[in-house]
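Q: Please take a close look at the salt bridges in this model. I would like to know which residues pair up, where they sit, and what lies around them.

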Amino acid sequence: MKPQERTDAILRSPLDPLDRLLLVAVAARLGANPTTWAKPEDFAERTGMGLSTVKDRLAALTSAGVLVREQREHRAKDTWIDWEVLAA
C-alpha cells in the first residue's frame, strides 16, 4: 500500500479524529516497512497529544484490533496497522 493510500484509508475511517491523527502518525513512521517500533513519546511529539492520551488511544486502538503491538528485542513495541480491520 502506498503512503497516500494509507493516509486516505485512515481519513475515510469512522474513527474518532484523535485516533485518525494517531494512525496517520503511525503510518508516517511505517515508510516502506509494514511495522514501526516508535515509542509513545515519539507519537506524542509528532501529534501534539499528551503522552497519557497517546497511551490511552494506542491501548484502545489495539483493543479494537486496528493496531497490533508486540514486544520484541528492542525497548519499544513493534506496531502496525491492520488495514482490513480499519476498512471494516
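A: The side chains of aspartate 42 and arginine 29 form a salt bridge, with an N to O distance of 3.8 Å. In this predicted model, that distance falls inside the cut-off, since a side-chain nitrogen of Lys or Arg has to be within 4 Å of a carboxyl oxygen of Asp or Glu. Aspartate 42 belongs to helix α3 (residues 40–47) and arginine 29 to helix α2, so the bridge ties together parts that are 13 residues apart in sequence.

Both partners have intermediate accessibility. Aspartate 42 is partly exposed at 30% relative accessibility, and arginine 29 is partly exposed too, with a relative accessible area of 32%. As a further reference for the position of aspartate 42, its C-alpha is 13 Å from the C-alpha of threonine 53, a residue eleven places away in sequence.

The count by this rule is two salt bridges. The other pair is aspartate 19 with arginine 57, whose closest N and O atoms are 2.6 Å apart. Aspartate 19 lies in helix α2 (residues 17–30) and arginine 57 in helix α4 (residues 51–63), so this pair ties together parts that are 38 residues apart in sequence. Here the two ends fall into separate accessibility classes: aspartate 19 is buried, with a relative accessible area of 5%, whereas arginine 57 is partly exposed at 25%. The class of aspartate 19 follows from the cut-off, because buried means under 20% relative accessible area.

Helix α2 thus supplies arginine 29 to one bridge and aspartate 19 to the other. The nonpolar packing involves this helix as well. The largest nonpolar core has 18 residues, and the elements that give two or more residues to this core are α1 (3–12), α2, α3 and α4. Of these, α2 gives the most, with five residues. The residues with the most contacts inside the core are Leu22, Leu23, Phe43, Val54, Leu67, Ile81 and Leu86.

Leucine 22 links this core to one of the bridge residues. Setting aside neighbours within four places in sequence, leucine 22 is in contact with Phe43, Thr47, Met49, Val54, Arg57, Leu58 and Leu61. Among these partners, Phe43 and Val54 are also listed with the most contacts inside the core, while Arg57 is the residue that forms the salt bridge with aspartate 19.

Notes:
Residues numbered from 1 in each chain as written. Predicted model: local features only at pLDDT ≥ 70, side-chain atom pairs only at ≥ 80, totals over all residues. Heavy atoms only, no water. Helix = DSSP H or I, 4+ residues; strand = E, 2+ residues; numbered from the N terminus. Buried < 20%, exposed > 50% of the residue type's maximum accessible area, 1.4 Å probe, protein only. Core = buried A, V, L, I, M, F, W, Y, C linked by side-chain atoms within 4.5 Å. Contact = heavy atoms within 4.5 Å.
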